[in-house]
Amino acid sequence: MSNFIHSEKPIRIERGEGPYLYDTNGTEYLDCGASYACTPLGHSHPAVDEAVHDQVDRMTFVQASYPVDARDRAFDALAAAAPDGLENVWLCNSGTEANEAALKFARSATGRSKIVATMQGFHGRTMGALATTWNSDYRDPFEPLIGDVEFVPYGDSEALAEAVDDETAAVIVEPIQGEGGINVPTDGYLAAARECTADAGAALVFDEVQTGMGRTGTLWASQQAGVVPDVLTTAKGLANGLPAGTALCADWIAENHGPHNATFSGGPVVSAAVDATVSTLVEEEVPSNADDVGAYLRAGLDTEIGDDVRDIRGEGLMIGIEVKRGANRALRDLALDANLLALPAGRSVVRLLPPLILDEDDADEVIDALSNVLGGES
């Protein structure tokens, strides 16, 4: 068998339920990665499963120029959940597609080409989004990418303001950096980004592909800063495990977005999952649970391993633990010795992105596992 998976794990997963995954031997793992935050409601959530099964029984697919009820419901759910002024919804299949659309929309709406992005930022692997992704390991094999991209230090308001000028189409920034190490910006940084882009007539794009869908304790991480961008992108948890992304746009962007589309945009089955996921997150106040349990988990980790690691940071259930040894070794030990699945964020950060339905008993299990594996590390 040949495939393109370069880091296939030594655990073959067979099924999932709630915050747990089970391998083919029946071993139970607490899933603290949620496949990069893709299952905020946990595995096999009944509301999402029922919506998907019902839609499959009716019709699997029809392209987006034909109106269908499932897509209309997804649009309505997203428009209702969007920050004020971002009720224009474009559906797609992934986070990189959402960011690709955002960059194209910003260029067409402004008539400019320059994009300002941040160091340590990650925005996807398609050619446009990849050009705004900082890590050269991702970019170098595919050069030359689109030009006119300038990188500035994340969290540095002055450097950002200096980079944004009357040739800038967009600034793209994560409210909290995920792949770059769970980096939380300084207070006022997102507001400064809003101010300098507004002054220059440039679009502000918030990449909430990982921070959205309640991950940080509010439906959108940018809500905590009280800042509304011109485009907000999200994906990963949008359909609780099915491939979906969206760009939520201000009117001035939507009115000048240029010809952009995708065959599978807003497919009926995925739309049914989007509607069920967003509606459940809002109706059951799942982001509030992420806020409460996330604070409980971070406090417990600080007590148990705070002196043994370099740093514990994040918001809600988006947590980074900067370890003193390599993250990959810690992740291997967590999986094999403690039956806990987590993720790396760079070389030295263990990233926790569990389902947002985690409760305090689950959090205690996480704390115990990390204490046993990371406690006293040198």
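## A walk through the predicted model

In this predicted model, strand 5, which spans residues 114–118, has 5 of its 5 residues buried, so the strand is largely enclosed by the rest of the structure. In a regular strand the side chains alternate between the two faces of the sheet. Here both faces are covered, with Lys114, Val116 and Thr118 buried on one side and Ile115 and Ala117 buried on the other.

The neighbours of this strand can be followed through its pairing. Strand 5 is joined by 4 bridges to strand 6 (residues 149–152), and the two run parallel; within this pairing, Val116 stands opposite Glu150 of strand 6. Strand 5 also pairs in the parallel sense with strand 7 (residues 168–173), in this case over 3 bridges, and Lys114 has Thr168 of strand 7 as its bridge partner.

From the strands we can turn to a buried position in a helix. Asn99 belongs to helix 4, which covers residues 95–110, and because its relative accessibility is 1%, below the 20% cut-off, it counts as buried. Apart from its neighbours within four places in sequence, Asn99 is in contact with His123, Ala129, Ile172, Asp207, Val209 and Thr233.

The nonpolar interior comes next. The largest nonpolar core has 59 residues, and those that touch the most other members are Leu297, Leu301, Ile321, Val350, Leu352, Leu370 and Leu374. Helix 13 (residues 360–374) gives the most to this core, contributing 7 residues. Leu297 shows what such packing looks like in detail: when residues up to four places away in sequence are not counted, Leu297 touches Leu317, Ile319 and Leu352, together with Ala363, Val366 and Ile367. A second core, separate from this one, consists of 22 residues, among them Ala102, Phe105, Val205 and Val231.

Aromatic rings provide another set of contacts, with a count of 5 aromatic pairs. One of the pairs is formed by Phe61 and Phe264, whose ring centres are 4.9 Å apart and whose planes make an angle of 45 degrees, an arrangement classed as tilted. Phe61 lies in the loop between helix 2 (46–58) and helix 3 (69–81), while Phe264 lies in the loop between helix 9 (251–254) and helix 10 (268–283), so this pair ties together parts that are 203 residues apart in sequence. Phe61 counts as partly exposed because its relative accessibility is 33%, whereas Phe264, at 52%, counts as exposed.

In another pair, Phe122 and Tyr138 have their ring centres 5.4 Å apart and their planes at 70 degrees, so the pair is edge-to-face. Phe122 is found in the loop between strand 5 and helix 5 (127–131), and Tyr138 in helix 6 (residues 136–139), so the parts tied together here are 16 residues apart in sequence. A ring also takes part in a contact with a charged side chain, since Arg15 lies over the face of Tyr22 at 4.0 Å from the ring centre.

Finally, there are the cysteines to consider. A disulfide is a covalent bond between the sulfur atoms of two cysteines, and the structure holds 0 disulfides. For Cys92, the closest cysteine sulfur is that of Cys249, and because the distance is 10 Å it is too far for a bond. Cys92 is buried, with a relative accessible area of 3%, and Cys249 is likewise buried, with a relative accessible area of 3%.

Definitions and conventions. Residues numbered from 1 in each chain as written. Predicted model: local features only at pLDDT ≥ 70, side-chain atom pairs only at ≥ 80, totals over all residues. Heavy atoms only, no water. Buried < 20%, exposed > 50% of the residue type's maximum accessible area, 1.4 Å probe, protein only. Pairing = 2+ DSSP bridges. Core = buried A, V, L, I, M, F, W, Y, C linked by side-chain atoms within 4.5 Å. Contact = heavy atoms within 4.5 Å. Phe/Tyr/Trp six-rings, centres within 6.5 Å; stacked < 30°, edge-to-face > 60°. Lys NZ or Arg CZ within 6 Å of the ring centre and 35° of its normal. Disulfide = S-S within 2.5 Å.
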